[in-house]
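Let's take a walk through this structure together, starting with one small detail and working outward from there. Have a look at it before reading on.

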Amino acid sequence: PSVESLDAIFTMDWNYVTGSDDPFLPYIVDYKATAADKAVQIVFSGPDSDYAAVRQQYFKLINDSNEYIYLTNSYLIPGESIIEALQTAALSGVDVRIMLPENSDSRIVKWSIRSYFEVLLQAGVRIYLYQDGFLHSKMIVADDALSSVGTANLDIRSFEQNFEVNAMIYDRETAVQLKSMFLEDCKKCVRIDPDVYRMRPVTDRLKEGMAKMISPVL
């Protein structure tokens, strides 16, 4: 059933971009023959959506976490609601960890991302910078119960402007596997020390502040 949903989303996106009303399904798939026993929910949003469904998905995942929530992402320009959700979870005792690439594909984006670090670190969020190449994964796992894998970054563009799609997986085995992968990747990261980060140069603070002002349009 999740594959059928992805086919439908592809068709809707195709028609939105081309202005066509014709269905575009190039392959006929025997879904019943390939159906598995895992519960998967497809969440999607885009400029043609009435709701920012992906942002709502991330917001609810963070708010509903009780023990831990681990996030791997390429970008972190999330807006106030997601920042507040991450802060609230960490302050409530939830183990909140975010893995990001050490280097971004743009200096402005890099400093925009880092402009959010201090408020998260102050709340107890752990931030890891991946060292072994560029990190392009978009994954969330929480409480050994739920996980999400898809296309959406933790940024305003993904929430409000881009066509994005995530698979929400309601399965303990998958969640435990993704958690194990996350913890293994942490060994290839440098964790940001909050005390050291607070002592960063004034020039870095200025770069963060200037980049944050234009972050909503990045």
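In this predicted model, a polar atom of the D171 side chain sits 3.5 Å from the backbone nitrogen of E173. Where along the chain is D171? You'll find D171 in the loop between β9 (164–170) and α8 (172–186). So is D171 buried or exposed? The cut-off for buried is under 20% relative accessible area, and D171 comes in at 13%, so D171 counts as buried. If you set aside the neighbours within four places in sequence, D171 is in contact with K38 and A145.

Now hop over to helix α1, which covers residues 2–18 and is where F10 is found. F10 has a relative accessible area of 41%, so it counts as partly exposed. Partly exposed is the band between under 20% and over 50%. Try tracing from F10 to N153: they are 143 residues apart along the chain, and their C-alpha atoms are separated by 19 Å.

Next stop, helix α5, residues 107–114. Which residues are buried here? They are V109, W111, S112, I113 and R114. As for what surrounds them, the buried residues of α5 pack against three strands and three helices by name: β3 (76–77), β4 (95–101) and β5 (126–130), along with α6 (117–123), α9 (194–198) and α10 (202–214). While you're looking at helices, here's a handy rule: an α-helix has 3.6 residues a turn, so residues three or four places apart point the same way.

Time to zoom out. How many helices and strands does the chain hold? There are 10 of each. Along its principal axes, the C-alpha trace spans about 60 × 40 × 30 Å. A compact globule of 218 residues would have a radius of gyration near 17 Å, and the chain's 18 Å agrees with that. Of those 218 residues, 43% count as buried.

The contacts tell you how the chain is put together. Take those between residues at least 6 apart in sequence: 79% of them join residues at least 24 apart.

Finally, the outside and the charges. The accessible surface of the chain is about 12000 Å², and 55% of that belongs to carbon and sulfur atoms. The chain carries 21 positive and 31 negative charges, and the mean positions of the two groups are 9 Å apart.

Technical notes. Residues are numbered from 1 along each chain as its sequence is written. This is a predicted model: local features need pLDDT of at least 70, side-chain atom pairs count only at pLDDT 80 or more; totals for chains, interfaces and linings use all residues. Side-chain values use heavy atoms; hydrogens and water are left out. Helices (H or I, at least four residues) and strands (E, at least two) are DSSP runs, numbered from the N terminus. The radius of gyration is taken over C-alpha atoms; the globule rule is 2.2 Å times the number of residues to the power 0.38. Buried means under 20% relative accessible area, exposed over 50%, partly exposed in between (1.4 Å probe, protein chains only). Contact means heavy atoms within 4.5 Å. Accessible areas come from the Shrake-Rupley method with a 1.4 Å probe; for residues, only the protein chains shown count as cover. Lys and Arg count as positive and Asp and Glu as negative; His and the chain ends are not counted. The place of a charge is taken as NZ of Lys, CZ of Arg, CG of Asp or CD of Glu. A polar contact is a pair of N or O atoms within 3.5 Å; within protein, one must be able to donate a hydrogen and the other to accept it, and residues adjacent in sequence count only if both atoms are side-chain atoms.
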